[in-house]
Every structure is written in C-alpha cells, then in structure tokens.
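Grab a viewer and a pencil. Here are a few exercises to work through, each with its solution.

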Amino acid sequence: MFESLMGFEFLLLLCSIAVWGGTGFVVNHLKYVRGRDPSYRRWVRAAQLGVAIGSSLIILWAAVILIIMLQFGWLYVMDRVIVVLPLLGLPLAAVRMVARPKLSRESMDRHAKQSVIVTVHVMFVGAVIALWLVAIDIPAIPNLRDLLIYGGALILSALLLSLHHGRRLRIVDNRPPKRIQRIARGALYSILVLGTALAGLVISMRMSELPGTMPMVHHRTADFGGGDILEDDHMHAHHQGQVTGTSGNPVSVTELKGPQTGIPDKKYVLSAETKTLRLASGEAIEAWTFNGQIPGPALEADEGDLVEVRLVNKNIASGVTLHWHGVDVPNGEDGVAGMTQDAVMPGESYTYRFVVNETGTHWYHSHQQSSIQVQKGLFGSFVIRPSNQQDSETMDATVMAHHWVTPGGREIAALGLADTFQRQKVKPGTPVRLRLVNAGNLTQTFTLNGVSYKVAAVDGYELNEPGTLTDSLLRIGGGGRYDVIFTMPKTPVTLTMISEPDPIGIVYSQDGQGEPDILQKGTVLDITAYGSPADTPFNPSTDFDRSFTVILDQTYFGTYNGEAGQQWVINGKAFPETPTLMVREGDIVKTTFVNRSFADHPMHLHGHHIQVLSRNGEPISGSPLVLDTLNIEPGESFEVAFLANNPGLWMDHCHNLDHARKGMTMHVAYENVYTPFAIGSDTGNHPE
C-alpha cells in the first residue's frame with residue numbers, strides 16, 4: 001500500500017506540472033485575443049477547464065498526503081506538509097481567488113489578464129518546485145532554511161513573472177506580434193530552457209564528483225541527537241578528520257586495537273586472489289576468492305578466544321580488507337578501508353587480532369569497493385560457539401546465499417556455488433542446525449518443508465522460547481542471518497530459497513536422494529512477534545541520552561560522484577552530506593528509522609548490536625530482538641536502542657551495497673576519536 005500511495009503522489013505531481021503547464025500556455029494566449037474575438041471564449045473555456053483539473057489534482061495530492069500521515073505517521077509526510085504544501089497551497093489559493101473569477105468575465109482588461117497569467121504561471125512554478133522536492137532534493141527533515149530558499153524562489157518567480165507579463169501586455173496592446181513572431185519567440189524560450197537544463201546537469205555532475213582525498217567521517221554534518229553539544233571552538237576538523245572533544249585527548253583509531261601480544265587461540269591466513277570457478281550447473285564465473293574457494297574458508301572460534309587472521313592480497317588490484325560482520329571488534333580491527341586502515345594492496349598483508357566476546361552466526365567480507373568485491377566472492381562465514389557448549393551429534397551447517405554474475409552480465413542465485421538443488425545425507429533423529437546467511441544485496445526468502453522447526457537465533461543472538469513453525473516464509477535482509485533448528489525425520493526435508501527463474505535449495509534425506517518438495521503456500525514470519533518476551537536492557541520508556549531520526553529515501557533522479565541517475569539518501573542527503581551521529585562512551589542511544597523509499601534497506605551498524613524497541617509504532621511482542629543488521633521494508637519504521645560502549649568511528653550503512661555505493665552511508669562517531677586515514681581516488685581507499 002505504501003509504495004502505491006507514494007507512486008500515486010509522484011504521478012499526481014507529474015500530472016499537475018503537465019496540466020498547469022498547459023493551462024499556462026492557454027492563459028498566455030489571452031494576451032493576443034480580445035473579448036470580441038470569436039476565439040476568446042474558446043481560450044477562456046480551455047483555461048477554466050485547466051484550472052479545474054489542476055485544482056483537483058492538487059487537492060487529491062493533499063488527500064493522499066493526509067492518508068499517508070494517518071496510515072503511517074507524521075515522519076512520512078512532515079516535509080510535504082511543512083515545505084511542499086505551502087508551495088502548492090498558496091499559489092492554488094491565488095488562482096482560485098484571483099484567476100478563476102476573472103476567467104468568468106465576458107472580457108478582461110490588461111491588468112486582469114496580467115493577474116490571471118501570473119497566478120497560473122506561479123502555480124506551475126510551485127508544481128515544478130514541489131516535484132523537485134519530492135523527486136530530487138528531498139528536505140526529509142525540514143528546517144527554516146528550506147522554507148526560506150524554496151519559498152523565496154516562489155516569491156521571486158512571482159515578482160519576475162509579474163514584471164515580464166506586465167511589460168509584454170503593454171507591448172502587445174500597442175503592437176500585436178504576428179503569429180510567426182510568437183512561434184519564433186516560443187521556440188527561442190524552449191531552446192533556452194532546454195539548454196539551461198542541460199548545462200545545469202553537466203555542471204551538477206561535475207560538482208558532484210567527490211574529492212580525490214577526503215575524510216570519511218564529516219563532523220560538519222554532526223547530529224547530537226538532543227544530547228550535549230561540543231563547543232564550536234572544539235568542534236572542528238583537523239588533519240584528515242581529527243576532532244578534539246570536550247573530554248580527554250584525541251584518540252586515533254589505530255590505538256583502538258585488539259591484543260597485539262599473546263598466542264592466539266585461533267589463527268587463520270586468508271589469501272585474496274582471482275580465480276575462475278564453476279557453479280553446480282557448470283556455469284563459469286570470474287570470481288575473487290579467499291584461498292581459492294567460494295565462499296571463503298569457514299572460520300570458527302569459541303567465545304573468549306583470541307583470534308588472529310592474516311590477510312594476504314595476491315592479485316586483487318584494487319586492494320582488499322576484512323570486515324567482521326556482526327562481531328563487535330575494537331574499532332582498529334573493523335576493516336574499513338580509509339577509516340580504520342588503508343586497503344591492502346597486491347603483494348601486501350595485514351594482520352587482525354581481536355578477542356571474540358559474542359557467540360553465534362556471523363560472516364566476514366571485504367570492505368573495499370564492497371559492492372564489487374562482495375558480489376565477486378570475497379566473503380565467508382564466521383561462527384563463534386559458546387564457551388560452555390558441549391560436543392554433540394548435531395549436524396551444524398552454514399548455508400550462504402548469494403547472486404553471482406556471469407561474464408555476460410546475467411545474475412544467478414546460488415547457495416555457495418550451488419545454483420541447482422543439492423542432496424545431502426542426514427541420519428534420522430539427528431539434531432540439525434542450519435545457519436542461513438544472506439551474503440547478497442536483496443532480501444531473500446527461505447522455506448523449510450517436511451518438518452516442524454524453530455528459528456533459534458537471528459544475527460547470532462539466541463531467541464527466547466521460539467515457537468514451532470511449519471509453513472512460514474523466512475525473509476532475510478542483505479547481511480542478515482537466521483539459525484534454523486529441527487530434528488531430522490525419516491522423510492526428506494527441503495530447504496528452498498525462492499529465486500528467479502527457478503527456486504534452489506537442498507534436499508536432506510536419510511539416503512541422500514529425493515526430489516525437492518517445495519512449500520507452496522506460507523505466511524511471512526513476523527520476527528518481532530515471534531518467541532516470548534523477556535527482560536531487556538532498554539524499553540520505550542528508557543531515559544535515552546541521545547535520540548536520532550533517520551529517514552531513508554530515494555531520489556528519482558540526481559547526480560552523485562559524477563554520475564546521473566537514481567540516488568539513495570539518508571535525511572535527504574547522500575554521503576558525505578549524510579548525518580554523523582555523535583555519541584559519548586556510556587550514552588544510551590535511540591534511533592528511529594523510517595523507510596520512505598520503494599526498496600528494502602538492511603541497515604548495518606558496525607561495532608555494536610541494536611535492540612529493537614518497536615515496529616511501526618508498536619512495541620515488539622515477541623522475544624527480545626538484538627541485531628546488527630535491521631531490514632526495513634518500504635513503509636516500515638523501527639525504534640532501536642544501543643549502548644555506546646565501543647569507542648571509535650563506525651559505519652552505519654545500507655547493506656544493499658549498491659545503495660551504499662550511491663550514498664546511503666552514515667557514521668556513528670565518538671566525540672574524541674579521529675582517523676589518520678582518508679578515502680578518495682587519490683588514496684586507493686573506497687570503502688562504500
């Protein structure tokens with residue numbers, strides 16, 4: 001419903017521009033006809049019809065906005081009400097009070113014509129600005145500046161139009177132009193408008209190019225969430241993003257590291273290299289791999305282990321890093337090129353060392369040119385087991401979903417390298433734990449058929465008293481994980497990932513045979529209402545130190561880093577103009593996410609876990625939900641909370657990595673932390 005309403009809003013504004021533009025052309029023609037002219041009444045009737053239709057479109061638009069507000073809430077429409085509505089409502093009131101009565105007269109003098117033409121043309125300008133604010137330059141969290149800029153533009157246009165049309169009417173009264181002159185003038189105006197638009201596009205594309213060297217965290221966009229604000233003389237950028245806080249000396253991210261001494265409990269070497277691999281179907285893909293395999297080696301550790309991973313770049317020309325998705329490592333081990341380290345170039349190596357203090361299903365991937373490198377295969381699983389876990393006969397398997405791209409550009413859905421249904425032998429009575437990892441950009445839907453089961457954990461966090469499921473659709477956003485448990489029956493069990501053109505999956509059976517039995521009908525599991533409530537650190541009545549509002553949007557057209565097209569924006573801006581959420585260590589932080597776009601956005605906060613408080617304004621009713629990747633569907637809003645207990649500079653971005661590449665990235669920054677690293681084409685660091 002939400003997507004339909006927002007699409008209808010855009011269509012109404014587009015139609016409004018067309019109708020008011022046509023009406024503007026009609027009333028402009030009234031300059032050249034007199035009341036006694038036989039064609040005068042035809043032009044007037046056409047103008048009256050245009051005013052009636054245009055007015056209806058604006059009123060219908062306002063009704064749609066009201067419906068959205070009543071159905072979804074104020075945050076979905078506040079920019080429309082505060083900024084866009086006056087730009088449409090005031091000109092419309094002028095048209096109805098000034099132009100419409102005059103169009104009812106038998107004839108009009110020069111001054112009456114001027115008032116009709118000007119009000120209708122200003123209405124057209126208001127419609128154009130409105131569409132601009134909805135589709136291109138979105139004032140998601142409106143302020144006085146937006147009102148002054150766009151309100152001022154409308155007023156200025158009214159003054160200029162009044163002067164222009166007053167002058168033209170005086171000229172026409174004294175010396176009516178011939179038809180060929182009017183056609184030539186109209187053609188000239190059209191050429192000027194088109195040329196100006198093209199020149200503006202070229203200039204905008206050039207101006208949108210990001211600098212060759214720039215800090216990744218921009219404190220000029222700092223949002224303090226209603227908490228304490230640093231003094232202006234302290235709140236300024238130093239070398240490559242260094243900032244001095246009000247407490248303590250500046251700390252570099254390079255100082256926020258794991259233990260650099262001691263014998264590691266788990267030690268791994270991951271070598272990044274290119275390789276041609278074949279999917280189960282025989283399709284060849286040009287892959288980027290860790291240790292020559294896809295997914296990369298399965299890393300395992302026990303809670304409390306000191307883990308050491310040495311990354312070696314054999315031949316990935318653009319450089320690589322390792323990010324530990326869902327593991328709250330020290331900031332200096334986070335693996336974000338240009339913020340916590342430089343990208344590891346060919347022939348170089350880099351060692352990560354950290355203690356794992358959480359458990360569950362996680363994964364790792366490169367955070368250099370992420371939208372490219374993860375898609376090409378630089379990822380793998382990372383499972384951390386509880387320190388008190390006893391050896392058991394459980395079949396524990398990690399299943400990583402992904403979409404591969406062939407040399408011809410065709411996308412192929414797969415579980416690891418399996419793009420066809422696979423078979424696996426499992427002894428009846430065996431406890432099974434399937435760790436489902438979505439390593440792709442888009443939300444994936446899984447089903448399990450042939451056995452009753454439970455979702456035991458989400459993003460590595462164990463759920464409280466999960467209920468038994470049989471016909472549920474499990475939707476997992478990009479970067480998210482579900483752990484599914486069941487006891488193997490004597491009959492086959494089918495795990496399916498719904499994909500186009502054909503579903504894929506795994507058939508588990510006692511003889512390793514059997515045909516897929518795909519669940520034909522099911523309901524999407526609402527994970528916020530699944531399981532049983534339990535005590536949590538935070539609730540909606542918690543006294544929060546900082547509260548942030550994050551509105552996720554899309555532009556229909558824009559320019560970003562020298563390219564024209566659709567953008568994905570946060571609070572109406574693309575990186576680096578997105579907000580930097582400023583916190584102090586020990587702060588209890590609440591963030592409200594609102595998705596006003598037409599796509600899912602799995603928002604991933606590095607270095608922290610968030611607790612979900614509410615969905616669409618209602619407190620969650622199921623098990624406590626602690627996540628590192630929150631999938632927000634169109635029309636959804638979530639309130640989440642976290643404790644600022646891991647000092648550093650942290651990415652908070654959409655894990656549809658194509659969205660992150662086009663600007664849907666922001667940061668959580670502790671006030672006295674800085675980075676000596678930089679991003680940009682001149683640095684070789686491209687974290688996305």
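**Exercise 1.** Work out which strand gives the largest share of the lining of the second largest pocket.

*Solution.* Start with that share: strand 24 supplies 5 residues, the largest share of the lining of the second largest pocket. (Strands are DSSP runs of E with at least two residues, helices are runs of H or I with at least four, and both are numbered from the N terminus.) Next, see who else chips in: strand 23 (546-560), strand 24 (563-570) and helix 8 (657-661) each provide at least two lining residues.

A quick word on the ground rules. This is a predicted model, where local features need pLDDT of at least 70, side-chain atom pairs count only at pLDDT 80 or more, and totals for chains, interfaces and linings use all residues. Residues are numbered from 1 along each chain as its sequence is written, and side-chain values use heavy atoms, with hydrogens and water left out.

**Exercise 2.** Describe the ring pair Phe72 and Tyr76, then say how exposed each partner is.

*Solution.* First the geometry: the centres are 5.6 Å apart with 50° between the planes, making the pair tilted. (Rings of Phe, Tyr and Trp, the last by its six-membered ring, pair if their centres lie within 6.5 Å; planes under 30 degrees apart are stacked, over 60 edge-to-face, the rest tilted.) By this rule there are 15 aromatic pairs. Then the exposure: Phe72 is partly exposed, with a relative accessible area of 22%, while Tyr76 is buried at 2%. (Buried is under 20% relative accessible area, exposed over 50%, partly exposed in between, using a 1.4 Å probe and protein chains only.)

**Exercise 3.** Classify the pair Trp324 and Tyr364, and place both residues in the fold.

*Solution.* The ring centres are 6.1 Å apart and the planes sit at 50°, so this pair is tilted. It links distant parts of the chain, with Trp324 in strand 7 (residues 323-325) and Tyr364 in strand 9 (residues 360-365), 40 residues apart. Both Trp324 and Tyr364 are buried. Finally, look around them: Phe290, Trp324, Tyr350, Tyr352, Phe354, Tyr364 and Phe382 form one aromatic cluster.

**Exercise 4.** Find out which residues Thr351 touches, leaving aside its neighbours within four places in sequence.

*Solution.* Locate Thr351 in strand 8 (residues 349-355). Thr351 is partly exposed, at 35% relative accessibility. With those sequence neighbours set aside, its contacts (heavy atoms within 4.5 Å) are Glu308, Val309, Arg310 and Glu333.
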